[in-house]
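Work through these exercises with the sequence and the model side by side. Try each task before you read its solution.

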Amino acid sequence: MNMGSAWTKSKALPCLLFLLTVFSLNLAAAPWDDKDPAEVEAILDQKFAEGKYSSKGADTCLMCHRKSAEVMALFDGVHGNTSVKGSPMADLQCEACHGPLGKHNRGGKEPMITFGANSPVPAQKQNSVCMSCHNDDQRMAWSGNHHDNADVSCASCHSVHTGHDPISDRKTEVEVCTSCHTQQKADMHKRSSHPLKWQQMVCSDCHNPHGSLSDSSLKQMSVNENCYSCHAEKRGPKLWEHSPVTDNCANCHNPHGSVNQAMLISKPPQLCQSCHASDGHASNAVFANQQNAFNAGQSCMNCHSQVHGSNHPSGKLLQR
């Protein structure tokens, strides 16, 4: 027995030293998310080609990740609800979004797909995972739209591991959008603006963030149609029309806000004179320090009050 015990110890010691060496090497090795992004992408492509999913699904993942509050918050939302048909947790579970497990659970060195700005996976491939389920008519114009061209990932705006996605809540939507769109954030706090800062309107009332067939991802086919969806009283046709109005409301207005009344891009009469340089008011072509009917009060609108068009038989000059 003593000889057997001594033999066992003599064999065990080299094995123990070997395991300690391997363990120390693993500690010294760089984690997979510090690898070259191109290398990570190549590994993930290979893993998808092999398709080695876990037979135990989320149970395998939770063996390591169940202590993470961020991970467990998934079960508070629709993505983690097994009773919702088509949800990731009702299908391949965690691997439905993060890809095949492969050998990831053997030390965590083999990469999985991660999402967001810090992910080594390109935004286009991150989004392809989301779009594999979210491919309805609201996202049919995603390819080539502003956010797609700017390499914005879905996870840059949306939170999946939560029961409350801030971008999907009208109370917090504007805050999320303006974290990137800072010029629009400044505009909406100017003297005259749409009531975005009070959440009486939100960005998605006018824009489809997933893209549309019109300029600036507007929900309607033109700027004017978008404006008319609320400002129906400005819609024509009118007997006497005003060219810049029928062309584009943004010729005169900044929809996100302005220091001028009615969100005008400049103050009248300068705004009017940008087109009407020779308007028949020759003696008042320059409204310097004069206070008269041409620049006091509503300026040009003192007389030409129907600038959005007139239906009056004698309203050619938009006066009534």
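**Exercise 1. Get an overview.**
Find what share of the residues is buried, and describe the secondary structure.

*Solution.*
Step 1. Of the 320 residues of the protein, 28% count as buried.
Step 2. Remember that this is a predicted model.
Step 3. Go through the secondary structure: there are 13 helices and 0 strands. From the N terminus on, the order reads α-α-α-α-α-α-α-α-α-α-α-α-α.
Step 4. Look at contacts with a separation of 6 or more. Residues 24 or more positions apart account for 52% of them.

**Exercise 2. Judge the confidence.**
State the average pLDDT of the protein, then examine residues 1–30.

*Solution.*
Step 1. The average pLDDT is 84, and 83% of the residues score at least 70.
Step 2. Over residues 1–30, however, the pLDDT is below 50. Beyond near neighbours in sequence, this stretch has 2 contacts in the model.
Step 3. Where pLDDT is low, predicted coordinates should not be read in detail.

**Exercise 3. Check a helix.**
Test whether the span of α2 agrees or disagrees with its number of residues, then locate its buried residues.

*Solution.*
Step 1. Helix α2 covers residues 37–50. It has 14 residues, so at 1.5 Å a residue it should span 20 Å.
Step 2. The end C-alpha atoms of α2 are 20 Å apart, which agrees.
Step 3. Now the buried residues: V40, L44 and K47 are buried in α2. They cover an arc of only 60° around the axis, so they sit on the same side of α2.
Step 4. Recall the general rule. An α-helix has 3.6 residues a turn, so residues three or four places apart point the same way.
Step 5. Look at P37, which also belongs to α2. P37 is partly exposed, with a relative accessible area of 40%. Its C-alpha atom is separated by 6.6 Å from that of V121, 84 residues apart along the chain.
Step 6. Finish just past the helix. G51 follows α2 and has a positive phi, near 65°.

**Exercise 4. Find the covered side of α6.**
Which residues of α6 are buried, and what covers them?

*Solution.*
Step 1. In α6 (123–131), the buried residues are A123, Q126, N127 and V129.
Step 2. Their arc around the axis is only 150°, which puts them on the same side of α6.
Step 3. The cover over these buried residues includes α5 and α8 (154–157).

**Exercise 5. Trace the salt bridges.**
How many salt bridges are there, and what does the one between K125 and D45 tie together?

*Solution.*
Step 1. A salt bridge needs a side-chain nitrogen of Lys or Arg within 4 Å of a carboxyl oxygen of Asp or Glu. By this rule the count comes to 8.
Step 2. Take K125 and D45. Their closest N and O atoms are 2.9 Å apart, and the pair forms a salt bridge. K125 lies in α6 and D45 in α2, so the pair ties together parts that are 80 residues apart in sequence.
Step 3. Check the exposure of both partners. K125 is partly exposed at 30%, and D45 is partly exposed at 41%.
Step 4. Widen the view: E41, D45 and K125 are linked in a network of salt bridges.
Step 5. Compare two further pairs. D187 and K190 form a salt bridge, with the closest N and O atoms 2.8 Å apart. D187 is buried at 5%, whereas K190 is partly exposed at 29%. E233 and K234 also form a salt bridge, again with a closest distance of 2.8 Å. Here E233 is partly exposed at 48%, and K234 is partly exposed at 26%.

**Exercise 6. Read two loop residues.**
Decide whether H104 and M221 are buried or exposed.

*Solution.*
Step 1. H104 lies in the loop between α5 (95–98) and α6.
Step 2. Its relative accessible area is 15%. Buried means under 20%, so H104 is buried.
Step 3. Look for a polar partner. A polar atom of the H104 side chain lies 2.6 Å from the backbone oxygen of E110.
Step 4. M221 is in the loop between α10 (182–187) and α11 (223–228).
Step 5. Its relative accessibility is 61%. Exposed means over 50%, so M221 is exposed.
Step 6. Leave aside its neighbours within four places in sequence: M221 is in contact with L213 and S214.

Methods:
Residues numbered from 1 in each chain as written. Heavy atoms only, no water. Helix = DSSP H or I, 4+ residues; strand = E, 2+ residues; numbered from the N terminus. Buried < 20%, exposed > 50% of the residue type's maximum accessible area, 1.4 Å probe, protein only. Polar contact = N/O pair within 3.5 Å; in protein donor to acceptor, adjacent residues only side chain to side chain. pLDDT = per-residue confidence, 0-100. Contact = heavy atoms within 4.5 Å. Expected span 1.5 Å × (residues − 1). Arc of directions from axis to C-beta.
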